[in-house]
Amino acid sequence: AMELFDPKGRLLIRYRNGALEVSAASGDLVLRAPSGAVRVAAGTDFVVEAERDVTLRAARAVDLSVGNPGPLDTEAAKSLGSRVHLDAKRALVTSRLLELRARAAKLTTADLALVAQQVRTAATKIVTSAEDIETTSAHVVLRSKEVIEEVTGLLTQKLGRFRALVRESYSVRSNRTD
C-alpha cells in the first residue's frame, strides 16, 4: 500500500490492491478544474452517499439518463431509454413508462394540456369545480345507477332527434309548458 498522511497523522490518500481512497482530513473534499470538466468514470457502479443532502446544481442544464435515450424531444428518446432533463425553462421526462406514486399529490399550473390516445380513471369519488366545462365528443355513453342534475338557471338542450325509453314511469312537473 501507498499512503499519504498530513502533519497530524490523518490519512489523506491511500492506494492499496488497485483501490484508491482520497480523504479530506477535515472539511470538504473539492475536485476542481477551472478551465475544464471534472469527469468520474466507473467500470461498474457509481454510488453517491451522504449522511444529509445530495445537491446537483448547474448554470445551464442537468441531465440524468439511463440506457440510450437519444436526443431530446425525439421518438427515439422515448423508446430507447429514460431521461430527466432540467434547464432554466423546463423539466422534461422522457421514458417508455412513467410511474408516480404518492399518498397525496398536487399539481398547480396556469395551463394544462393532456394529450393521450386513451385515458382511464378509477376513483372512489371525483369532485370537479370549474367556471366552464365544455366537452366535444363523437359518442358519449353514460351508465349510472342514479343521475341527479340540478340547474338553477336555464337548461337548454338542442337535439337533432330525441328518444326516451322509460321502463316504469315518466313524470314532468312544470309551472308552464310550451
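Arg83 is buried, at 15% relative accessibility (buried means under 20% relative accessible area, exposed over 50%, and partly exposed in between, with a 1.4 Å probe and protein chains only). Its side chain meets that of Asp63 in a salt bridge, at 3.6 Å from N to O (a salt bridge is a side-chain nitrogen of Lys or Arg within 4 Å of a carboxyl oxygen of Asp or Glu). The pair links distant parts of the chain, with Arg83 in strand β5, Asp63 in strand β4, and the two positions 20 residues apart. Asp63 is partly exposed, with a relative accessible area of 43%. Strands, like helices, are DSSP runs numbered from the N terminus (strands E, at least two residues; helices H or I, at least four).

The model is predicted; local features need pLDDT of at least 70, side-chain atom pairs count only at pLDDT 80 or more, and totals for chains, interfaces and linings use all residues. Residues are numbered from 1 along each chain as its sequence is written, and side-chain values use heavy atoms, with hydrogens and water left out.

Strands β4 and β5 belong to an open sheet of 3 strands, ordered β4-β5-β6 with antiparallel pairing (two strands pair if DSSP finds at least two bridges between them). β4 (61–67) and β6 (91–94) stand at the edges. Each has a single partner strand, so one side of each is left without a neighbour in the sheet. On average, neighbouring strands of this sheet are turned by 5° against each other, direction ignored. Axes here are lines fitted to C-alpha atoms, for helices over the stretch in contact, and angles run from 0 to 180 degrees between N-to-C directions. Between β4 and β5 (residues 81–87) there are 7 bridges, and the two strands run antiparallel. Val62 stands opposite Leu86 in β5.

A further open sheet of 3 strands has the order β1-β2-β3, again with antiparallel pairing. Its edges are β1 (2–5) and β3. Each of these has a single partner strand, so one side of each lacks a neighbour in the sheet. Neighbouring strands of the β1-β2-β3 sheet are turned by 5° against each other on average, direction ignored. β1 and β2 pair in the antiparallel sense over 4 bridges. Leu4 stands opposite Ile13 in β2. The antiparallel strands β2 (residues 11–16) and β3 (residues 19–22) are joined by 4 bridges. Arg16 has Ala19 as its bridge partner in β3.

The hairpin of β2 and β3 has 2 residues between the strands. Asn17 lies in the loop between β2 and β3. Most residues other than glycine have a negative phi. Asn17 is not a glycine, yet has a positive phi of about 50°. The residue is exposed, with a relative accessible area of 79%.

The count of salt bridges comes to 7. Glu3, Arg14 and Glu21 are linked in a network of them. Within that network, Arg14 forms a salt bridge with Glu21, the closest N and O atoms being 3.5 Å apart. Glu21 is partly exposed, at 34% relative accessibility. Another salt bridge joins Arg101 to Glu99, with the closest N and O atoms 2.5 Å apart. Arg101 is exposed at 74% relative accessibility, whereas Glu99 is partly exposed at 47%.

Pockets were located on a 1 Å grid over the protein atoms alone. A pocket is an open set of points with protein on both sides within 12 Å along at least five of seven lines, whereas a cavity is a set of points where a 1.4 Å probe fits but cannot get out. Lining residues have an atom within 4 Å of a point. Grid points are joined across faces, edges and corners, and a volume is the space filled by probe spheres set on the points.

The largest pocket holds about 750 Å³ of space. It is lined by 14 residues, of which Glu149, Leu155, Gln157, Phe162 and Tyr170 are the closest to its centre. The lining has 11 nonpolar, 1 polar and 2 charged residues (Ala, Val, Leu, Ile, Met, Phe, Trp, Tyr, Cys and Pro count as nonpolar, Asp, Glu, Lys and Arg as charged, and the others, Gly among them, as polar).

The second largest pocket holds about 420 Å³. Its lining residues include Val38, Phe46, Glu49, Asp53, Thr55 and Leu64. By class, that lining has 8 nonpolar, 1 polar and 2 charged residues.
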